[in-house]
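Welcome! Here is a short tour for someone meeting this structure for the first time. Keep the view open while you read.

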Amino acid sequence: MRKVTGRNAAMCLGALVAAVLVVRGIAADSGEHWEQAEEGTGFERDGEIKEDFSGTLLLAGSSSMEEPVNTMAESFMEKYPDVTVLVQFTGSSAGIEAVLAGSADIGNASRYLTEDEMAQGAVENLIGLDGIAICVDGDNPVSNLTGKQLQDIYAGKIRNWSELGGEDIPVVVLGREAGSGTRKAFEEYLGLEDACTYGNELDSAGAVLARISATPGAIGYVSLAAAGNRHGNGANFPEEKGSSGSVRILSLDGIYPSREQVRKGSYPLYQPFLMVTKGEISAGNRLVQAWFTYVYSEAGREALEHAGSIGYRGA
């Protein structure tokens with residue numbers, strides 16, 4: 001796994017400075033890395049925006065980032081009423097491709113960039129973290145899985161819930177489509193990259209949750225922010241075990257995926273939220289720079305966390 005260092009790894013999100021992300025390491029010396037980031041880009045991330053802006057900003061990419069991105073877009077447009085922020089939820093890979101092709105200003109991604117994408121000029125800008133919640137239908141009595149059990153389910157080795165202390169009902173394995181950042185992080189955690197046995201592959205977190213709620217025996221994974229907003233809790237994501245409506249969120253290795261557990265690094269399954277640019281932020285137009293100044297401001301962090309994610313809290 002490639003370690004994130006220098007300008008783009010700098011944002012280690014406060015209490016997570018000592019944590020190790022599932023898909024790659026983040027160095028613990030966040031202060032030093034944050035200084036390197038600003039020296040490398042010439043971009044003051046937490047500065048004030050003192051001028052008015054107009055125009056259109058197009059963001060494309062991860063559907064797992066739908067809630068936080070929509071929240072930030074609405075807040076930004078309230079601050080700058082002459083700006084229109086358009087957002088397309090096309091998947092992480094498609095969003096990165098759009099930025100590289102010049103058809104989008106910013107690509108939202110819930111995975112890290114590949115070496116090839118970086119070679120083409122794509123730059124990672126980490127704005128936050130989000131847990132990946134394991135969900136089953138609300139009538140399923142199973143409340144916890146070990147990492148090994150989860151791996152065996154997605155490898156096709158466990159096929160009935162009775163093998164896990166549940167009812168005698170087949171396991172219906174759901175996942176995201178190829179190109180999904182959430183899928184990549186999930187499969188890397190299990191050590192099953194491109195090797196999971198899916199019954200259905202769905203193109204958004206919302207579609208996964210809808211299918212789980214309608215399918216006895218179903219299991220799937222979605223971003224924690226998406227699962228929290230499905231529960232209708234938004235910023236008040238449930239901190240206790242249980243189900244709400246027709247979807248139950250499982251503990252993993254005995255740890256329930258609250259934002260606090262993700263923030264501390266106790267919950268083992270989570271993903272980055274990136275806003276990808278072609279070239280450094282400082283090389284972008286003034287509207288792009290204004291957007292990132294807002295995203296890294298206290299108002300931007302509050303908007304991100306209101307939507308259920310974990311925002312950058314400073315070095």
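Let us begin with a cysteine. Cys135 has a relative accessible area of 0%, so this residue is buried. Please keep in mind that the model is a predicted one. Another cysteine, Cys196, is buried as well, because its relative accessibility of 15% is under the 20% cut-off. How many disulfides does the count come to? The count is zero.

Next, the nonpolar interior. The largest nonpolar core holds 45 residues, and Ile153, Tyr154 and Ile219 have the most contacts inside it. Several elements give two or more residues to this core, including helix 6 (147–154), strand 7 (172–176), helix 8 (205–214) and strand 9 (218–223). Strand 5 gives the largest share, six residues. In general, nonpolar side chains tend to be buried together in soluble globular proteins.

Tyr154 is a good place to zoom in. Leaving aside neighbours within four places in sequence, Tyr154 is in contact with residues including Val173, Phe186, Leu190, Cys196, Tyr198 and Ile219. Apart from the largest core lies another one, of 26 residues, with Met65, Tyr80, Ile281 and Leu304 among them.

Leu304 also leads us to helix 12. In helix 12 (residues 298–306), the buried residues are Gly300, Arg301, Ala303, Leu304 and Glu305. What covers them includes helix 3 (66–79), strand 5 (126–137), helix 10, helix 11 (286–295) and strand 14 (310–311). After helix 12 comes Gly308, with a positive phi near 105°.

Now for a polar residue. Is Asn108, in strand 3 (residues 106–109), buried or exposed? Asn108 counts as buried, because its relative accessibility is 0%. Not counting residues up to four places away in sequence, Asn108 touches Leu59, Ala60, Gly61, Ser62, Met65, Val69, Val87, Ser92, Leu274 and Met275. One of these, Met65, is also among the residues of the 26-residue core.

Finally, look at two aspartates in loops. Asp194 has a positive phi although it is not a glycine, and so does Asp253. The table sets them out.

| Residue | Phi | Loop | Relative accessibility |
|---|---|---|---|
| Asp194 | near 60° | between helix 7 (181–190) and strand 8 (200–202) | 72%, exposed |
| Asp253 | about 55° | between strand 12 (251–252) and helix 10 (259–264) | 44%, partly exposed |

Asp194 counts as exposed because its 72% is over the 50% cut-off, whereas Asp253, at 44%, counts as partly exposed.

Key
Residues numbered from 1 in each chain as written. Predicted model: local features only at pLDDT ≥ 70, side-chain atom pairs only at ≥ 80, totals over all residues. Heavy atoms only, no water. Helix = DSSP H or I, 4+ residues; strand = E, 2+ residues; numbered from the N terminus. Buried < 20%, exposed > 50% of the residue type's maximum accessible area, 1.4 Å probe, protein only. Contact = heavy atoms within 4.5 Å. Disulfide = S-S within 2.5 Å. Core = buried A, V, L, I, M, F, W, Y, C linked by side-chain atoms within 4.5 Å.
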